[in-house]
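Trainee: Could you take a close look at one part of this model with me? I'd like to go through it slowly.

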Amino acid sequence: MSLAVESTWSFDDINLCGLSLSGIRTSIALPQLSLCFDVAQGFPFQFHLKRYFISHGHLDHAAGIPYLISQKAMTSLPTPNFYMPVSLVNPLQEIMKIWQKVEGHEYQFNFHAVEPGHIIEIDPRHFVRPFSTVHRIDSLGYTVFKKTKKLKPEFRDRSETELMQLRKQGQIIQDEREVPMVSFTGDTQIEFLFKEDWIRKSKILIMEATYLDDSKTIEHARKWGHTHLDEILQHLDEIESERIVLIHTSSRYSFQRALEILKERIPSRHAERVILFPGR
Ligand SMILES: [Zn+2]
Ligand SMILES: [Zn+2]
């Protein structure tokens with residue numbers, strides 16, 4: 001019997017793994033960086049990861065935190081790190097004290113309060129930066145950046161030997177860049193898009209799209225702190241991402257129906273870019 005419920009999706013060298021359905025469960029992992037955005041109710045595909053970035057405290061996104069900590073307490077896996085909005089840390093500490101009593105295990109975990117502007121190092125080439133989102137409770141989105149180096153234009157015609165010489169002389173011959181690779185929103189109104197330029201330039205933008213058609217109005221979506229496809233359509237030209245991965249669609253749409261609506265509504269010039277994440 002397989003315990004796997006998650007689906008996978010890849011673009012270039014980026015692999016995503018997870019599931020997302022509004023009000024039910026949302027968790028998207030990047031296994032190659034051993035990190036995960038939100039944890040839903042806690043699933044085996046998340047057990048071996050090192051870092052968990054929590055967008056907000058609603059249970060369809062965060063209920064799995066005690067479960068993951070409990071699972072890790074029974075193994076020799078490294079202490080897990082959870083990153084979350086400031087106001088979530090104390091209540092979750094209290095919850096963990098109670099679960100620890102109930103289970104009779106000794107838990108090991110780190111809760112980190114993070115705010116927009118913080119930098120969380122993942123490895124020498126990657127870091128995560130939180131950004132503001134707009135929901136009914138404190139919430140954050142997260143972007144994974146990759147540090148890249150590129151030869152400065154003035155040195156492009158030099159031979160390898162010359163470049164080596166210049167390096168030896170202490171010349172800086174490369175420009176360092178921070179490339180936004182993957183952004184993840186959790187639950188939010190559309191305004192998150194304009195909080196930081198890098199969000200719209202992320203190679204992959206994973207964003208919520210709870211409502212897809214006129215069975216619910218934009219006003220309804222906004223009242224509950226969510227995004228409607230109508231709003232995304234208005235801003236598609238401003239989003240430079242190579243792929244826009246929609247998550248958190250309402251369970252009122254079957255996966256098939258959601259695909260049909262997107263096919264009908266996304267202008268053909270954007271059709272290849274806009275993806276419905278396959279796992280629900
Ligand atoms: Zn949600
Ligand atoms: Zn929520």
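How many C-beta neighbours does S34 have inside 10 Å, and does S34 count as buried, partly exposed or exposed?

Mentor: Before S34, some ground rules. This is a predicted model, where local features need pLDDT of at least 70 and side-chain atom pairs count only at pLDDT 80 or more, while totals for chains, interfaces and linings use all residues. Residues are numbered from 1 along each chain as its sequence is written, and chains are lettered from A and ligands numbered from 1 in the order in which they are written.

Now to your residue: S34 has 14 C-beta neighbours inside 10 Å, so it counts as partly exposed. The cut-offs are 20 or more other C-beta atoms within 10 Å for buried, 12 or fewer for exposed, and partly exposed in between, with C-beta atoms placed from the backbone. S34 sits in the loop between β3 (25-30) and β4 (35-37); strands here are DSSP runs of E, at least two residues, and helices runs of H or I, at least four, numbered from the N terminus.

The backbone is worth a look too. Most residues other than glycine have a negative phi. S34, though, has a positive phi, near 55 degrees, and is not a glycine. D38 is another non-glycine with a positive phi, near 60 degrees. You'll find D38 in the loop between β4 and β5 (51-53). While S34 is partly exposed, D38 is buried, with 30 other C-beta atoms within 10 Å.
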